[in-house]
Amino acid sequence: MTSRDQFGFTLIEVLISIMILATLTVFTAQSIQSALQTSKKYRAQIDEASELRDVLRIIESDINVAFHYRDIDKEMSEAIKKENQSKNENNGNAPNIENPNQPERPNYTEFKGEKDSLHFTSLGNARTLMDAQESDQAEVGYFLQPCKARSAPTQSVNCLWRRLAPVIDNKVDEGGQAMVLIEDVHSFKLRYVGQQKEEEEINWLDRWMSGPSGDDRTRGRFPLAVQIELSINRHVGKKTLQQAKTAVASTRYPNNKEEKAAEKKDGTNAVEEPAKN
């Protein structure tokens with residue numbers, strides 16, 4: 001027989017305790033799952049931001065060492081020739097042209113920038129082999145082109161490519177090997193700025209051509225800085241958002257020719273701002 005003073009739990013009390021414990025377990029599991037999903041989302045955002053930042057650093061480092069060659073000997077020779085011609089004209093003598101058949105040295109350095117692509121000569125080539133017949137000069141290019149997604153090889157996405165050609169020639173936007181820097185690119189926008197007068201506002205250009213196809217502002221000159229805006233698609237559930245970053249990369253040694261004051265026919269000087277190296 002059981003004594004009335006003996007303590008214990010009834011079946012109903014045990015069932016209620018089990019229900020409370022099960023409820024607490026469910027709530028705890030849901031909280032942990034929600035925390036893990038939130039952590040995963042923020043980790044993905046941090047990884048994407050880090051990837052964007054790393055890509056911009058690569059582009060910026062290439063632009064920093066953009067290489068613009070100038071034939072100083074030719075420029076000095078032309079300056080002396082003009083001075084001699086001016087003296088001969090003032091003295092009433094015929095101009096004296098020295099070495100008219102002297103061949104010109106080819107200049108393959110060029111900066112070719114569009115709204116969404118960029119090709120230029122740079123000093124960013126790193127030799128991987130000791131005896132490689134290469135220098136630190138190279139052609140570098142950035143452009144958008146479709147590629148296969150890593151997560152879904154059967155799916156094609158918009159990608160940003162980097163092209164590197166260790167040998168420079170007269171076609172700055174061709175040759176070499178290209179590799180994907182980042183996938184699922186939403187937009188890649190570029191703008192360029194050159195020498196400005198102090199009283200002028202900064203005038204960003206959508207196109208910069210240092211070759212013969214350029215205008216008076218860009219022909220024979222490298223930009224002083226390039227603005228880079230890069231955004232990628234970020235998929236959150238069924239939504240597609242964009243994550244973007246912007247950077248401004250300077251050409252540390254543009255090596256542009258200084259423009260001196262031009263003398264007019266009336267004897268006054270037309271002063272132009274010199275280009276700063």
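Which residues does Leu230 touch, not counting residues up to four places away in sequence? This is the opening problem of the set; the conventions come before its solution.

**Conventions.** This is a predicted model, in which local features need pLDDT of at least 70 and side-chain atom pairs count only at pLDDT 80 or more, while totals for chains, interfaces and linings use all residues. Residues are numbered from 1 along each chain as its sequence is written, and side-chain values use heavy atoms, with hydrogens and water left out.

**Exercise 1. List the contacts of Leu230 and place this residue in its core.**

Step 1. Apply the criterion for contact, namely heavy atoms within 4.5 Å. Leu230 touches Leu52, Val55, Leu56, Leu160, Ile182, Val185, Ser187, Phe188, Gln243, Ala244 and Lys245, with residues up to four places away in sequence not counted.

Step 2. Identify the core. A nonpolar core is a set of buried Ala, Val, Leu, Ile, Met, Phe, Trp, Tyr and Cys residues joined through side-chain atoms within 4.5 Å; buried means under 20% relative accessible area, exposed over 50%, and partly exposed in between (1.4 Å probe, protein chains only). The largest such core has 27 residues, of which Leu160, Ile228 and Leu230 touch the most other members.

Step 3. Trace the contributing elements. At least two residues each come from helix H1 (11-64), strands E2 (118-122), E3 (138-148), E5 (177-182), E6, E8 (225-236) and E9 (239-250). H1 gives the largest share of this core, five residues.

Step 4. Look for another core. A second, separate one has six residues, including Phe143, Val157, Cys159 and Trp161. As background, nonpolar side chains in soluble globular proteins tend to be buried together.

**Exercise 2. Describe the fold of the chain in outline.**

Step 1. Count the elements. Helices (H or I, at least four residues) and strands (E, at least two) are DSSP runs, numbered from the N terminus. The chain contains two helices and 11 strands, and the order from the N terminus is α-α-β-β-β-β-β-β-β-β-β-β-β.

Step 2. Consider burial and contacts. Of the 277 residues, 29% count as buried. Among contacts with a separation of 6 or more, 57% are between residues 24 or more positions apart.

Step 3. Consider the surface. Accessible areas come from the Shrake-Rupley method with a 1.4 Å probe; for residues, only the protein chains shown count as cover. The chain exposes about 19600 Å², and carbon and sulfur atoms supply 51% of that area.

**Exercise 3. Classify the ring pairs that involve Phe111.**

Step 1. State the criterion. Rings of Phe, Tyr and Trp (its six-membered ring) pair if their centres lie within 6.5 Å; planes under 30 degrees apart count as stacked, over 60 as edge-to-face and the rest as tilted. The whole structure holds three aromatic pairs.

Step 2. Take Phe111 and Phe120. Their ring centres are 5.4 Å apart and their planes meet at 25°, so this pair is stacked. Phe111 has 0% relative accessibility and counts as buried; Phe120 is also buried, at 0%.

Step 3. Take Phe111 and Tyr192. Here the centres are 6.0 Å apart and the planes stand at 85°, so the pair is edge-to-face. Phe111 belongs to strand E1 (residues 111-113) and Tyr192 to strand E6 (residues 185-193), 81 residues apart.

Step 4. Assemble the cluster. Ring pairs link Phe111, Phe120, Tyr192 and Phe222.

**Exercise 4. Analyse selected salt bridges and the burial of their partners.**

Step 1. State the criterion. A salt bridge is a side-chain nitrogen of Lys or Arg within 4 Å of a carboxyl oxygen of Asp or Glu. The whole structure contains eight.

Step 2. Examine Asp62 and Arg162, whose side chains meet at 3.0 Å, N to O. Asp62 lies in helix H1 and Arg162 in strand E4 (residues 156-165), so the bridge ties together parts 100 residues apart in sequence. Asp62 is buried at 4% relative accessible area, and Arg162 is buried at 15%.

Step 3. Examine Arg163 and Glu139, with closest N and O atoms 3.6 Å apart. Arg163 is in strand E4 and Glu139 in strand E3, so parts 24 residues apart in sequence are tied together. Both Arg163 and Glu139 are buried.

Step 4. Examine Arg219 and Asp216, with closest N and O atoms 3.2 Å apart. Arg219 is partly exposed, at 40%, whereas Asp216 is exposed, at 66%.

Step 5. Note the network of salt bridges that links Glu51, Arg150 and Glu183.
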